[in-house]
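Student: I should like a close look at a single part of this model, followed outwards to its surroundings. Please give the cut-off behind each term as it arises.

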Amino acid sequence: MTGRIIFRGLTSTSAVNISSRRLMASIKIPKISELPSLGHPLENAKRAAAYRAVDENLDVYQHRVVGIGSGSTVIYVAERIGQYLRDDEYRDYVSKFKCVATGYQSKQLIMDNGLTYAILEQYPHIDIAFDGADEIDCNLDLIKGGGGCLFQEKLVSTSAKIFVVVADTSKKSPRRLGSHWVQGVPVEVVPAAYTRVQDDLLNLLGAKTATLRQGGKVKMGPVVTDNNNFILDTYFGDIDDPKKLHDRIKALVGVVETGLFINNAAKAYLGSPDGEVLITTRESPAKPQVEEIEN
């Protein structure tokens, strides 16, 4: 017999795995300009902003621990990193990534894209983290926690050497923090202390409202965080000094964390429905880069 190659002991499962690896090897990272439309300009812009944030900040060869946040734009961050994993050129590096989540949604994003899920207790030093925001001012200070994960989000972002924000331009504050996100600054509190903290926020710190977040139609009673705490959505109006306000709230007995993220983000990528990506860095917050993308 000539010209025949016999694979001994090759099971059907092994054959499938070989076939899958060959298929993965054939997938190359798509260029943003060549992507098919998602059918909505804002979604196209979110995807482009997230892909650009990954392409321009993730060091595939050096980074090993990556923080993944939550939100509609971060979905595309996880998707883009997953594309690197499926590219034969980068797979060996990205397969070694340990991805730390900020909550259940981001944990699902990590696993759905074939990435390795890890916890902060194992990897307390994060190379780079990507997350969204509810509001962003010109200094790259943020309000976060609209999704209820403010403590984990701050724990991950402050554990990262580089924290990159991805969002759409509707999250950019026209003035100060609090002028756009009128739902209020989320404040995570110990349940037994929430009435005391609520009273202090209103009467000592001058909050206009301090509302215990409710579960709504999906849950009777207050929202309970992953840490078994409550959230007070606290509206102050325009915030002149976010750091000072954060410090005063944190000083209240019973407060676990606030949704004010101060001096944390290094860079923000904001997608616009008109086909632009606004890139702002902390080094030059007054001179953002505006670059067009193709929808």
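Tutor: A residue is called buried under 20% relative accessible area, exposed over 50%, and partly exposed in between (1.4 Å probe, protein chains only). At 12% relative accessibility, R52 therefore counts as buried, and R52 is a suitable point of entry. The model is predicted, so local features need pLDDT of at least 70 and side-chain atom pairs pLDDT 80 or more, while totals for chains, interfaces and linings use all residues. Residues are numbered from 1 along each chain as its sequence is written, and side-chain values use heavy atoms, without hydrogens or water.

The side chain of R52 meets that of E56 in a salt bridge, with an N to O distance of 2.4 Å; the term requires a Lys or Arg side-chain nitrogen within 4 Å of an Asp or Glu carboxyl oxygen. Both R52 and E56 belong to helix α2, where 4 residues, about one turn of the helix, separate them. (Helices are DSSP runs of H or I, at least four residues, and strands are runs of E, at least two, numbered from the N terminus.) The two partners differ in exposure: R52 is buried, at 12%, whereas E56 is partly exposed, with a relative accessible area of 41%.

The helix that carries this pair also packs against α3. The axes of α2 and α3, lines fitted to C-alpha atoms over the stretch in contact, come within 8 Å and cross at roughly 50°; such angles run from 0 to 180 degrees between N-to-C directions. The two helices are therefore oblique to each other, since under 35 degrees is roughly parallel, over 145 roughly antiparallel, 65 to 115 roughly perpendicular, and the rest oblique. On the α2 side, the residues that meet α3 are E43, K46, R47, A50, Y51, V54 and D55. Their counterparts in α3 are Y76, V77, E79, R80, I81, Q83 and Y84. Contact here means heavy atoms within 4.5 Å.

One member of that α3 set, Y84, deserves separate attention. Y84 lies in helix α3 and, at 10% relative accessibility, is buried. Its C-alpha atom is separated by 9.9 Å from that of V54, although the two positions lie 30 residues apart along the chain as a sequence separation. When neighbours within four places in sequence are left aside, Y84 is in contact with V54 and D55, and both of these residues appear in the α2 list as well. The other contacts of Y84 are I29, V60, Y90, R91 and V94.

Another link in this part of the chain is the salt bridge between the side chains of D87 and K28, at 3.2 Å from N to O. D87 lies in the loop between α3 (74–86) and α4 (91–94), and K28 in the loop between α1 (12–25) and α2 (41–57), so the pair ties together parts that are 59 residues apart in sequence. D87 is buried, with a relative accessible area of 2%.

For comparison elsewhere, E257 forms a salt bridge with K250, and the closest N and O atoms are 3.5 Å apart. Here the acidic partner, E257, is buried at 8% relative accessibility, while K250 is partly exposed at 32%. Elsewhere, salt bridges with shared partners join D131, K144 and E153 into one network. In total, 16 salt bridges are counted.

A further buried aromatic residue is F236, with a relative accessible area of 14%, found in the loop between β10 and α8 (242–250). The C-alpha atoms of F236 and T209 are 7.3 Å apart, with their positions 27 residues apart in sequence. Beyond its neighbours within four places, F236 is in contact with V185, L201, L205, G206, A207, K208, L245 and I249.

Two backbone positions complete the survey. L140, in the loop between β5 (135–136) and β6 (142–143), has a positive phi near 65° without being a glycine, and is buried at 2% relative accessibility. N228, likewise not a glycine, has a positive phi of about 65°; N228 sits in the loop between β9 (209–212) and β10 (230–235), and is exposed at 56%.

These details belong to a protein chain with 8 helices and 15 strands. Of its 295 residues, 49% count as buried. Among contacts between residues at least 6 apart in sequence, 70% join residues at least 24 apart.
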